[in-house]
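Biologist: I am new to this one. Could you show it to me and let me ask how you know what you say about it?

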Protein chains: 4
Amino acid sequence: MKVGIVGANGYSGVELIRLLQQHPYVTIEKIVSHSTHGKNILELYPHLYGVNEMILEKWNLDELSNLDFVFFATPSGVSKDIIPPLLDKGVTCIDLSGDFRLKNAGDYETWYKKTSAPAEYLQKATYGLSEVYRDKIKQAKLVANPGCFPTATLLGLLPALKKQIIHANTIHVDAKTGVSGAGRNANLTNLFTEINENIRAYKVGEHQHIPEIEQVISDISGEQVPITFITHLIPINRGILCTMYADLVEQVTTEEVHQIYKDMYKDEMFIRIRPIGEWPTTKEVMGSNFCDIGVMVNRRTNKLIIISVIDNLVKGAAGQAMQNMNIINGWEEHIGLNNSPLYP
Amino acid sequence: MKVGIVGANGYSGVELIRLLQQHPYVTIEKIVSHSTHGKNILELYPHLYGVNEMILEKWNLDELSNLDFVFFATPSGVSKDIIPPLLDKGVTCIDLSGDFRLKNAGDYETWYKKTSAPAEYLQKATYGLSEVYRDKIKQAKLVANPGCFPTATLLGLLPALKKQIIHANTIHVDAKTGVSGAGRNANLTNLFTEINENIRAYKVGEHQHIPEIEQVISDISGEQVPITFITHLIPINRGILCTMYADLVEQVTTEEVHQIYKDMYKDEMFIRIRPIGEWPTTKEVMGSNFCDIGVMVNRRTNKLIIISVIDNLVKGAAGQAMQNMNIINGWEEHIGLNNSPLYP
Amino acid sequence: MKVGIVGANGYSGVELIRLLQQHPYVTIEKIVSHSTHGKNILELYPHLYGVNEMILEKWNLDELSNLDFVFFATPSGVSKDIIPPLLDKGVTCIDLSGDFRLKNAGDYETWYKKTSAPAEYLQKATYGLSEVYRDKIKQAKLVANPGCFPTATLLGLLPALKKQIIHANTIHVDAKTGVSGAGRNANLTNLFTEINENIRAYKVGEHQHIPEIEQVISDISGEQVPITFITHLIPINRGILCTMYADLVEQVTTEEVHQIYKDMYKDEMFIRIRPIGEWPTTKEVMGSNFCDIGVMVNRRTNKLIIISVIDNLVKGAAGQAMQNMNIINGWEEHIGLNNSPLYP
Amino acid sequence: MKVGIVGANGYSGVELIRLLQQHPYVTIEKIVSHSTHGKNILELYPHLYGVNEMILEKWNLDELSNLDFVFFATPSGVSKDIIPPLLDKGVTCIDLSGDFRLKNAGDYETWYKKTSAPAEYLQKATYGLSEVYRDKIKQAKLVANPGCFPTATLLGLLPALKKQIIHANTIHVDAKTGVSGAGRNANLTNLFTEINENIRAYKVGEHQHIPEIEQVISDISGEQVPITFITHLIPINRGILCTMYADLVEQVTTEEVHQIYKDMYKDEMFIRIRPIGEWPTTKEVMGSNFCDIGVMVNRRTNKLIIISVIDNLVKGAAGQAMQNMNIINGWEEHIGLNNSPLYP
């Protein structure tokens with residue numbers, strides 16, 4: 001199958017290259033970049049010598065139309081304009097940016113501070129949280145691949161929400177992310193000297209992933225509630241850890257909740273519910289498509305505590321995108337994705 | 001003034017050496033270590049060449065009795081036995097361990113899983129959160145120096161609690177700490193390879209600083225409430241960042257809360273309330289005795305968000321201990337402590 | 001094919017698990033550990049959930065004899081005793097420790113300060129530097145897999161030595177390594193707090209990889225020369241970078257040397273000679289079996305400068321071991337090893 | 001005494017602020033920045049709240065002329081134009097850039113690829129390696145403060161060169177530096193994601209500190225020799241470690257060399273010759289003005305091995321500059337500089 005990657009010069013783009021290269025049924029035919037077209041990808045990423053040595057090209061609708069699948073790893077505000085014509089030509093599109101995730105155009109404009117994609121295309125998009133919306137994804141022509149934080153957060157919350165053991169309006173999410181999520185952009189804030197031996201909160205109360213998480217919580221629980229969600233930047237390259245707190249609806253034990261989680265995800269190979277008393281760490285999923293989850297009922301405070309971890313570039317971006325490609329094609333979901341985490 | 005340091009071989013111990021060396025009124029007369037006595041401190045810490053080249057000695061009650069002030073940077077369960085006789089001989093003691101912080105012996109035994117200090121000595125101890133209990137500290141002969149997490153947490157919460165703008169029973173504290181807080185102990189968990197490029201939650205629901213925080217909240221607010229408090233280990237050496245969330249009692253603006261914080265701490269040179277819209281990071285206080293605090297009212301969720309940072313070895317340990325020594329002696333509080341943070 | 005891993009609880013051991021799991025022709029039948037037998041590998045390495053959940057067993061000669069291939073990722077001084085009887089039973093052994101690398105038993109005893117393996121077995125061992133000794137490895141029943149530093153150093157030096165463009169007796173190797181090379185052992189020196197934001201030289205003049213490098217230089221160049229070789233520990237987990245300097249025999253240009261390197265390795269898929277003016281970095285090979293090399297002639301000093309990088313756990317240990325297994329079995333060398341580096 | 005800092009917005013600039021603030025005889029009167037004038041320094045460096053809250057100003061010759069001392073922490077190519085008129089007005093200048101270090105204008109133009117300062121001003125400049133050129137510095141009106149690498153390299157080499165125990169033409173310097181040396185400039189290469197878990201060589205054979213080192217070696221040894229000098233960037237913020245190798249002129253023991261070093265520096269409080277068998281690490285000098293040195297004679301190779309470490313922003317920049325100011329003013333050299341390293 002012939003695929004293309006638009007925005008191949010960013011970190012999610014090269015992660016797509018890494019994963020697609022190890023997929024047995026796929027050939028990367030085109031890699032596209034707005035800012036660096038004309039260069040060999042090696043000039044930007046010499047780790048790809050002997051792996052992928054393609055030339056980055058300009059966006060060209062006609063040429064891209066000959067492909068079967070195109071992945072968009074573009075900054076927000078780009079794919080909303082270029083996906084619609086490509087979709088109209090029959091190419092299946094997976095968008096890793098936020099442009100097609102929010103169903104309500106006004107929400108996009110409020111949180112992203114940009115013009116939204118046309119409303120009709122927002123409706124055509126399927127939200128690509130693989131384990132939750134698998135049946136819809138099977139039919140999708142346009143997948144809005146989830147954000148990194150929403151992936152970790154929602155996979156951690158959904159069993160409790162579906163089984164109604166927590167009050168949705170009491171959810172707190174304290175998220176910590178590695179720096180690769182910020183992309184490969186030159187700015188003072190993300191210099192090594194500024195990030196190393198440091199931790200900072202950012203976009204407090206303003207993170208564009210908030211409405212995305214709330215939209216899915218509302219879809220699952222039926223409740224339209226604002227959640228508390230704060231993101232922190234920590235000195236690691238890859239990894240997200242979300243610590244989540246919510247009030248319990250009624251008394252329940254850690255063992256009961258743990259069983260609910262085990263049951264809910266029992267057929268999911270990428271979700272690993274960790275034993276009681278064990279908490280996942282980001283390194284334990286690094287480089288893999290796993291989402292690991294730990295749960296505990298805190299008797300003293302009557303709260304459920306959930307911790308989930310992912311590699312933001314894999315399950316939080318390129319890996320889940322490829323998983324969605326597998327779903328759409330009816331292939332086994334783990335194809336190209338069954339490598340072990342890299343430890344240590 | 002003659003001072004001694006018991007447990008001088010740990011990270012808090014050498015931080016006391018660093019700070020006391022730059023204090024003009026003080027001479028370090030004795031450094032004591034249980035596990036490494038007989039060695040020159042240089043064998044353990046060669047950075048001290050030319051700074052301090054003393055021999056670590058055995059604990060000896062009579063010899064220590066000749067000092068004016070003794071700092072205890074010992075693991076929990078040690079000072080509870082050796083402070084009482086020294087105190088009885090008239091030496092002022094500042095304990096950096098948790099042995100004298102909890103007023104209720106049963107709480108100590110529940111959370112620390114060790115026998116408590118004698119109840120009468122618990123009563124003699126003054127909790128050394130300098131900015132809050134300054135008047136009591138002035139008279140103290142035994143100071144229970146606060147834990148690192150309680151220092152960052154309580155300095156961040158207290159203005160809101162005192163002014164009753166938050167519901168104490170809705171407090172969530174999501175804490176992140178550097179690894180020096182774990183001390184200099186050989187264990188697999190804290191190897192570079194395991195911590196680097198990783199983040200982990202630990203002691204979830206069981207951290208011994210929980211009752212310490214709740215004790216002060218109860219003292220200030222009059223409410224005995226369980227708080228949600230979770231700690232995470234991040235790959236930095238020094239620094240604690242606490243992200244705190246609480247429900248607002250009634251509508252209030254960020255500007256109003258910010259003013260309350262500015263007013264409450266207006267005479268405190270070590271507490272820096274950051275401008276609205278600016279959030280403190282740990283590196284901005286590294287090596288200094290500052291506690292920086294940012295606040296925001298989140299309209300959507302009707303919550304107060306507070307972020308506080310300290311250097312866990314300075315304001316969270318040795319620095320605050322020396323600040324307390326200054327208070328007791330009637331010296332200016334900043335003596336020996338007015339160095340700038342080390343940045344970057 | 002049935003394989004076993006002895007010393008599976010160390011970092012090289014779990015790296016073997018990672019790589020062997022993705023090899024299509026191999027099944028891991030036994031994992032053995034002296035210190036942690038009886039435990040599930042998950043208790044030590046939870047990243048392996050769903051990947052490998054085997055029980056670590058005691059060393060048992062008879063049980064191991066049923067396997068086709070056994071890898072030894074044991075500390076030095078272990079395999080010298082347990083490999084001979086297993087080899088005698090016809091099992092092919094690949095030893096990742098240093099026990100069978102030095103042909104001269106006295107050298108082993110001088111540098112390792114331990115009793116050597118029996119001399120007859122030293123003679124049976126083939127040094128497993130895949131690209132250099134491929135023909136011998138094909139016939140091997142016992143492979144002494146090269147050390148991490150010798151691999152990076154020798155692959156960088158050999159073209160220049162073979163073509164006699166440098167004086168062997170002027171070789172300086174300044175090596176920098178990540179901390180995983182030190183294994184997973186609890187000690188103060190390798191705590192995060194001690195390694196982070198630090199660099200240290202270690203084993204100056206005493207590193208046991210010195211005689212190993214000199215032995216191969218002697219084999220290739222015919223000259224028995226002492227080399228200058230110093231190792232440094234830097235705050236990364238994976239990666240070795242060797243900076244090498246040597247006097248040129250006669251005037252030669254960077255272009256000429258570069259061509260010699262390109263030619264020498266033109267059929268080697270794991271060796272990437274980087275373009276002139278470009279120097280490899282460790283991250284560019286992380287997680288992969290690549291060895292990247294850059295060369296330059298320094299006109300002012302009349303020296304050849306060579307920089308080589310590897311992932312110490314892959315090309316420097318488990319990856320090269322698996323490459324050797326492929327060679328012995330007549331399989332394509334890249335099988336199970338063709339994943340891209342993980343970047344960033 | 002009134003001082004000013006030009007280029008106060010860079011890392012060396014803020015380090016000057018940190019150190020000058022703790023100097024009892026000095027007041028910072030002006031801070032100047034070309035690119036960020038008009039801003040409060042707090043907008044760039046919030047760690048300075050309560051420490052220094054000055055406004056960055058434009059360069060203004062007349063205003064600066066009222067000061068006693070001006071420090072230039074500007075990029076290369078700036079101070080060569082603005083120091084001469086200020087010097088002519090009688091203000092003592094300490095230049096932390098490379099503009100006045102090389103006596104030969106042609107060397108500057110070759111290595112810096114910029115127009116040199118006027119030759120007459122090059123002659124007026126005194127090279128500020130405090131321990132070596134103290135007598136000249138006492139009389140200086142213009143100090144060319146040494147580069148970070150030359151400081152660490154030369155302090156390590158000079159005793160051996162002065163005593164003629166090594167051949168100057170065999171010197172190899174393998175240098176490793178933290179990232180703060182690159183300054184606070186937004187570029188992709190120094191992003192956290194690119195530096196973290198990585199090591200790279202840079203400016204191989206082209207580093208502008210090479211002629212500076214050679215100029216001093218020539219001055220001390222009388223020999224004009226090219227040295228081999230290569231720099232590496234490692235993932236730490238502060239610190240330089242130089243590993244140096246040179247052939248011995250005649251047989252000498254480690255003990256003899258060690259004694260030579262001890263003797264040569266016996267009155268130097270900032271130079272610490274470490275005991276035989278002990279090698280200095282960068283963290284052991286972090287935040288301090290120390291230069292630590294270890295030496296060993298390697299019998300096998302007949303070479304002297306020297307390892308020196310400094311904090312590149314202190315002894316390698318702002319600290320040595322302040323030390324030079326103390327020398328010029330006849331003050332004790334350690335004033336404002338006697339803080340302990342920050343460990344860990």
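Biologist: Which residues is C148(A) in contact with, leaving aside its neighbours within four places in sequence?

Modeller: In this predicted model, C148(A) touches H209(A), I240(A), I310(A), N312(A) and G316(A), where contact means heavy atoms within 4.5 Å. Residues are numbered from 1 along each chain as its sequence is written, and chains are lettered from A and ligands numbered from 1 in the order in which they are written. Local features need pLDDT of at least 70, side-chain atom pairs count only at pLDDT 80 or more, totals for chains, interfaces and linings use all residues, and side-chain values use heavy atoms, with hydrogens and water left out.

Biologist: Why is C148(A) called buried?

Modeller: Its relative accessible area is 13%, and buried means under 20%, exposed over 50% and partly exposed in between (1.4 Å probe, protein chains only). So C148(A) counts as buried. This residue belongs to helix α8 (residues 148–162) of chain A; helices are DSSP runs of H or I with at least four residues, strands are runs of E with at least two, and both are numbered from the N terminus.

Biologist: What does UniProt place at C148(A)?

Modeller: An unreviewed UniProt entry puts the feature "active site" there. UniProt positions follow the numbering used here, feature names are shortened, and annotations may be inferred rather than shown by experiment.

Biologist: How many disulfides does the structure hold, and how do you know?

Modeller: Over all chains there are 0 disulfides, a disulfide being a pair of cysteine sulfur atoms within 2.5 Å. For C148(D), the nearest cysteine sulfur is that of C242(D), 8.6 Å away, and C148(D) is in no disulfide. C148(D) is buried too, with a relative accessible area of 14%.

Biologist: What makes Y108(B) and Y112(B) a stacked pair?

Modeller: Rings of Phe, Tyr and Trp (its six-membered ring) pair if their centres lie within 6.5 Å; planes under 30 degrees apart count as stacked, over 60 as edge-to-face and the rest as tilted. The rings of Y108(B) and Y112(B) have centres 4.5 Å apart and planes at 15°, so they are stacked. The two residues sit 4 apart in helix α5 (residues 105–112) of chain B, about one helical turn. Y108(B) is buried at 1% relative accessible area, and Y112(B) is buried at 12%.

Biologist: How do you know that R272(A) lies over the face of F290(A)?

Modeller: A charge sits over a ring if NZ of Lys or CZ of Arg is within 6 Å of the ring centre and within 35 degrees of the ring normal. R272(A) is at 3.7 Å from the ring centre of F290(A) and lies over its face. In chain D, R272(D) lies over the face of F290(D), at 3.7 Å from the ring centre.

Biologist: Why are chains A and C said to be related as by a two-fold rotation axis?

Modeller: Copies are superposed by least squares on the C-alpha atoms of residues with pLDDT of at least 70 in both. Here a rotation of 180° with 0.0 Å of shift along its axis puts chain A on chain C, with RMSD 0.0 Å. The two copies are therefore related as by a two-fold rotation axis. In chain A, E197(A) has the C-alpha nearest the axis, 4.1 Å from it.

Biologist: What is notable about phi of K113(D)?

Modeller: Most residues other than glycine have a negative phi. K113(D) is not a glycine, yet its phi is positive, about 55°. K113(D) is in the loop between α5 (105–112) and α6 (119–124) of chain D, and its relative accessible area of 67% makes it exposed.
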